[in-house]
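Me: I would like a close look at one part of this model. Please keep the sentences short and build the picture step by step.

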Amino acid sequence: MNSLRHSRLHTPISRTNFPKLTFFLHTQTTPSQHSNPSTNPCQNLDITHVSQLIAKQHWSEIKTLLKPTSPTTFLQLLFNYGTDPELILSFFKWSQLHFKVSHCLEHYCRLFHLLASAKKYRKIRSLLCVFVRIERYSCSSVFHTLLNFSDRVSDNSVIVDMLILAYVNNCDVGLALEGFERAGDYGFRLSVLSCNPLLNLVVKEGKFRAVEVLYKEMIRRRIELNLISFNIVINGFCKAGKLQKASDVVEDMKVWGIEPSVITYNTLIDGYCKKGRTGKMFKADALLKEMVANKISPNEVTYSILIDGFCKDGSVSAAVRIFKEMQAQQFTPCVVAYNALINGHCRDGEIDKALVLRDEMVVSGLQPDLVTFNALINGLCKKSMLKEAKELFDCIAKEGLYANVISFNTLIDAYCKAGELEEAIKLRSRMLDQMVIPNVSTYNCLIDGYSKKGNPETASKLLDEMKYKGLSPNVVTYNIRVDALCNKGRSRDAVKLLDEMIDAGLRPSHTTYNIVMDGYCREGNLRAALNVRRRMETQGLRPNTVTYNVLLKGLCEKGKLEDANTYLNQMLEKGLIPNKVTYDIVREGMMEKGFVPDIDGHIYTSSVST
DNA sequence: TTAGGGTTAG
């Protein structure tokens with residue numbers, strides 16, 4: 001590192017050791033500022049005049065001055081004359097645009113330093129914005145060159161901090177992370193101004209392991225973390241489902257003397273709502289009580305999170321209570337709160353209630369947005385009300401909104417499920433007309449539609465077309481293919497697809513294994529189904545309610561009620577909550593055996609006998 | 001510079 005600092009590539013040039021440049025600014029007429037024109041080859045240069053021309057942006061005259069030389073030499077001259085850095089920047093950018101000049105790294109770094117010395121930080125940010133967009137230098141080469149011009153840690157640190165922020169703003173997470181790492185090696189001090197946006201980008205990109213590494217490294221380098229830094233890290237852990245680690249960060253922030261804010265609590269509550277296990281809504285509710293006890297008032301975001309959480313947990317009635325509580329607390333529900341509840345009703349099959357809510361929001365002066373439309377279209381589709389769904393879809397444009405890929409996919413899926421494949425294909429063409437690009441989900445809907453309607457050749461062609469367009473099959477694509485094979489009684493071939501998935505870098509999900517288990521059960525091969533369950537557990541996936549439902553169904557259909565009962569108890573012991581499907585399976589199994597079920601909403605324990 | 005809502009597989 002030290003050797004780097006001492007091996008200057010360029011010695012800053014003072015006016016006294018001015019190099020012998022070979023061009024003259026032949027149009028200028030004012031006297032040169034230089035006292036010794038006989039030794040100065042640019043004796044006719046009037047830097048004041050040139051500066052004025054740049055300041056007034058008289059580029060046509062500058063262009064004439066440049067004729068005998070090149071923009072790069074002219075820039076060098078401006079540097080050497082100690083011209084105002086803002087004027088150099090002006091010329092730098094103009095020459096980039098006008099002559100498509102690719103300025104060298106040395107000139108960039110020299111200008112960064114001049115601007116840093118003059119504390120023109122906004123200008124540095126603006127130049128860095130261009131720099132990261134058009135230049136492809138490694139962080140090390142930039143750091144190395146910066147050090148060649150100055151070893152002032154404060155200036156270099158500010159520039160590097162802004163460079164990392166520029167990478168982040170350019171969504172270049174790779175270079176931003178490299179910059180963060182190398183900055184540590186070079187001893188540059190970073191701030192939350194770059195680290196917080198970097199942390200946030202890493203969370204948004206789902207690189208959760210990197211969040212933890214960054215957080216620990218920020219603490220190790222004694223970077224002054226603030227409330228926002230902690231909140232972003234907590235959000236990262238929550239999104240990764242690492243709720244305990246998120247809670248640990250809350251303790252860390254308290255040690256730093258920073259108290260959790262409403263955003264901290266909202267982030268945690270949302271984490272529990274989305275990733276928590278059994279009883280997650282109790283935990284979310286407990287957090288709500290804790291925040292109130294700590295004198296932090298819930299806001300509209302808190303309520304929206306809880307409404308959505310309860311809806312997704314299958315308890316729309318609880319979500320409605322929260323919605324009313326929100327109103328009782330003098331909060332006017334916002335579009336997000338309405339949308340969460342509208343979607344809850346739609347998923348519950350209660351389209352009328354959803355439409356009433358939509359009307360209510362309009363009366364209260366809120367304009368339904370695209371999310372409202374998409375949720376309602378989906379609700380109508382799931383009730384097989386395709387005509388109404390299509391009419392609502394056409395209303396999107398009338399409201400001045402633009403249908404997006406989700407709007408189209410929802411409708412395409414509905415047409416596929418209804419067997420109206422030609423309509424689905426027509427919609428895909430309409431997507432392209434409206435500049436909406438089909439994504440993997442679009443293809444998944446179509447592939448599933450064609451697979452299920454007995455046209456596997458078209459399904460296969462669509463798969464090839466999707467790959468040809470640069471879209472990689474995702475877990476859902478494989479699940480559709482696995483399902484198609486299982487439906488043909490080819491569960492053994494479906495298992496082979498699991499290996500293909502892993503080779504493609506994808507991780508089979510609960511659903512993947514559940515589909516294969518269901519396939520084997522339908523083939524009557526319970527032993528193979530149980531083998532798949534073991535494989536699933538080996539992969540670190542714990543059986544979920546659907547897994548048990550699939551196996552229970554397999555056992556009931558084979559008349560093995562005793563075994564089914566054992567499984568049911570095992571499911572309860574593992575803290576899994578039976579759902580409506582579980583009850584239906586067991587009830588049907590009992591009926592088949594001539595028993596009259598008397599569950600009334602209660603699950604059997606050991607009362608089942610054969 | 002930090003938190004919330006909509007689509008596909010079972």
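At what angle do helix H25 and helix H27 pack, and how far apart are their axes?

Reply: A reminder before the details: this is a predicted model.

Start with the whole chain. Chain A has 33 helices and zero strands. It holds 610 residues, and 48% of them count as buried. Now take its contacts between residues at least 6 apart in sequence. Of these, 61% join residues at least 24 apart.

Now the pair you asked about. Two packed helices are described by two values, the angle between their axes and the distance between the axes. Helix H25 covers residues 440–452, and helix H27 covers residues 475–487. They pack at an angle of about 5 degrees. Their axes are 9 Å apart. Angles under 35 degrees count as roughly parallel, and H25 and H27 are therefore roughly parallel to each other.

Which residues make the contact? On the H25 side they are Val440, Asn444, Ile447, Asp448, Ser451 and Lys452. On the H27 side they are Val476, Thr477, Ile480, Asp483, Ala484 and Asn487. Sort these residues by class and you get a mix. Five are nonpolar, four are polar and three are charged.

Next, look at the DNA. Ser441 falls within the residue range of H25, 440–452. A polar side-chain atom of Ser441 lies 3.2 Å from a base nitrogen of DNA strand B.

Ser441 has company around this strand. In total, 50 residues surround DNA strand B. The closest are Asn231, Asn339, Asp369, Asn374 and Lys417. Of the strand's atoms that come within 4 Å of the protein, sugar and phosphate account for 47%. The surface near DNA strand B has 17 nonpolar, 19 polar and 14 charged residues.

One helix gives the most to this surface. That is helix H17, residues 300–312, with six residues. Two residues in the H17 range also show how the strand is met. A polar backbone atom of Glu300 is 3.4 Å from a base nitrogen of DNA strand B. For Lys312, the partner is a phosphate oxygen of the strand. A polar side-chain atom of Lys312 lies 2.5 Å from that oxygen.

End with a residue in another helix. Phe282 sits in helix H16, residues 280–293. Phe282 is exposed, with a relative accessible area of 70%. Tyr272 is 10 residues away from Phe282 along the chain. The C-alpha atoms of these two residues are separated by 9.3 Å.

Key
Residues numbered from 1 in each chain as written. Chains lettered and ligands numbered in written order. Predicted model: local features only at pLDDT ≥ 70, side-chain atom pairs only at ≥ 80, totals over all residues. Heavy atoms only, no water. Axes fitted to C-alpha atoms, helices over the stretch in contact; angles between N-to-C directions. Helix = DSSP H or I, 4+ residues; strand = E, 2+ residues; numbered from the N terminus. Parallel < 35°, antiparallel > 145°, perpendicular 65-115°, else oblique. Contact = heavy atoms within 4.5 Å. Nonpolar A, V, L, I, M, F, W, Y, C, P; charged D, E, K, R; others polar. Near = heavy atom within 4 Å. Polar contact = N/O pair within 3.5 Å; in protein donor to acceptor, adjacent residues only side chain to side chain. Buried < 20%, exposed > 50% of the residue type's maximum accessible area, 1.4 Å probe, protein only.
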